[in-house]
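Colleague: I would like to go through this model and ask what stands behind each label. Please set the value against the cut-off each time.

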Amino acid sequence: LFHSSLIYSRLARKTKQRKYLKRAKQMVSKMSHVTKTRGGNNLHRYLLMKADAMAASGKEKIPTVKREYDNAIACCARSGYVHDTALGYELAAEYFLSVQEQQRQTHPGSAASAKKPSSNKKQQTNKDRAKASSPQCITNDIIKDYLSNSVSLYDEWGAKAKVGRMLSKYLTKFPELASLVEDSSKGKKTKGHTAEARLCVSAAHKMFDKINLDVL
């Protein structure tokens with residue numbers, strides 16, 4: 001259910017076909033039933049599925065979708081699932097990138113107008129600040145934070161191939177990501193972790209410490 005739902009959400013966002021979104025929502029509904037009738041072991045995955053399907057619908061406001069992703073990420077972290085927390089950050093970052101691209105297409109002249117000298121620089125600066133502080137505006141800093149946490153956690157989990165693919169995909173736009181992996185390879189603690197990410201890593205390490213490998 002989990003991976004199928006995420007695949008359908010990706011297809012819905014890419015193709016804009018409602019049949020894929022319908023399938024994704026059906027998967028979310030089934031997972032909701034599972035968490036209610038068979039315990040909450042998959043609650044964090046249900047929340048990720050729900051957030052991703054909401055993002056794919058394109059009907060909800062950006063702050064609402066962001067809040068759903070953040071809630072899902074926090075649940076993954078509290079449960080100690082490092083890889084799912086990393087995935088949550090990655091899914092959210094992908095959504096923010098798609099929103100940013102849509103905003104650029106909607107306002108194609110915004111970048112060009114920013115390069116032109118303004119007759120009233122103070123007034124222009126105030127407008128830019130107001131736009132950047134808007135909850136509907138997705139900045140590179142927001143995307144970078146989510147990608148940084150995702151890369152850091154995948155690296156912490158040992159998914160080196162996944163980290164390599166993410167770096168090849170995003171390094172041109174976000175060159176700061178490379179330093180996260182370099183610090184990790186040198187034995188340094190990653191500075192990019194948010195509170196949720198640090199909580200996730202801490203919980204995972206505690207669980208690993210309790211495992212008796214000799215018994216296994």
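Colleague: What is the order of the elements of the protein chain from the N terminus on?

Modeller: The model is predicted, and its elements run α-α-α-α-α-α-α-α-α-α-α. That gives eleven helices and zero strands.

Colleague: How do you know that the span of α8 agrees with its number of residues?

Modeller: The expected span is 1.5 Å times one less than the number of residues. For the 18 residues of α8 this comes to 26 Å, and the end C-alpha atoms are 25 Å apart, so the two agree. After α8 comes Gly158, with a positive phi near 95°.

Colleague: Which residues of α8 are buried?

Modeller: Among them are Ile143, Tyr146, Leu147, Val151, Leu153 and Tyr154, but also Ser148, Asn149, Ser150, Ser152 and Asp155. Over the protein chain, 38% of the 216 residues count as buried.

Colleague: What makes a set of residues a nonpolar core, and which residues have the most contacts inside the largest one?

Modeller: Its members must be buried, of a listed residue type such as Leu or Tyr, and joined through side-chain atoms within 4.5 Å. The largest such set has 47 residues, and Tyr69, Tyr95 and Leu147 have the most contacts inside it. Elements giving two or more residues to this core include α1 (2-15), α4 (62-79), α5 (82-106) and α8 (140-157). The most comes from α5, with eleven residues.

Colleague: What is Leu147 in contact with, leaving aside its neighbours within four places in sequence?

Modeller: Leu147 is in contact with Ala93, Met166, Tyr170, Phe174 and Leu177. For the protein chain, take the contacts between residues at least 6 apart in sequence: 70% of these join residues at least 24 apart.

Colleague: Why are Cys75 and Cys76 not called a disulfide?

Modeller: A disulfide needs two cysteine sulfur atoms within 2.5 Å. The sulfur of Cys76 is the nearest cysteine sulfur to that of Cys75, and it is 6.1 Å away. Cys76 is likewise in no disulfide, with the sulfur of Cys75 as its nearest at 6.1 Å. The structure holds zero disulfides.

Colleague: Are these two cysteines buried or exposed?

Modeller: Buried means under 20% relative accessible area. Cys75 has 7%, so Cys75 is buried. Cys76 has 0%, so Cys76 counts as buried too.

Colleague: Why is His44 called buried?

Modeller: The relative accessible area of His44 is 3%, and the cut-off is under 20%, so the label holds. His44 lies in helix α3. Leaving aside neighbours within four places in sequence, His44 is in contact with Cys75, Cys76, Tyr81 and Asp84.

Colleague: What makes the approach of the His44 side chain to Asn41 a polar contact?

Modeller: The His44 side chain reaches the backbone oxygen of Asn41 at 3.3 Å. The limit for a pair of N or O atoms is 3.5 Å, so the distance satisfies the definition.

Colleague: Why is Glu60 called partly exposed?

Modeller: Buried is under 20% and exposed is over 50%. Glu60 has a relative accessible area of 39%, so Glu60 falls in between. Glu60 sits in the loop between α3 and α4. Not counting residues up to four places away in sequence, Glu60 touches Met54 and Val65.

Colleague: How much area does the protein chain expose?

Modeller: About 13200 Å², of which carbon and sulfur atoms supply 53%.

How values were computed
Residues are numbered from 1 along each chain as its sequence is written. This is a predicted model: local features need pLDDT of at least 70, side-chain atom pairs count only at pLDDT 80 or more; totals for chains, interfaces and linings use all residues. Side-chain values use heavy atoms; hydrogens and water are left out. Buried means under 20% relative accessible area, exposed over 50%, partly exposed in between (1.4 Å probe, protein chains only). Helices (H or I, at least four residues) and strands (E, at least two) are DSSP runs, numbered from the N terminus. Contact means heavy atoms within 4.5 Å. Accessible areas come from the Shrake-Rupley method with a 1.4 Å probe; for residues, only the protein chains shown count as cover. A polar contact is a pair of N or O atoms within 3.5 Å; within protein, one must be able to donate a hydrogen and the other to accept it, and residues adjacent in sequence count only if both atoms are side-chain atoms.
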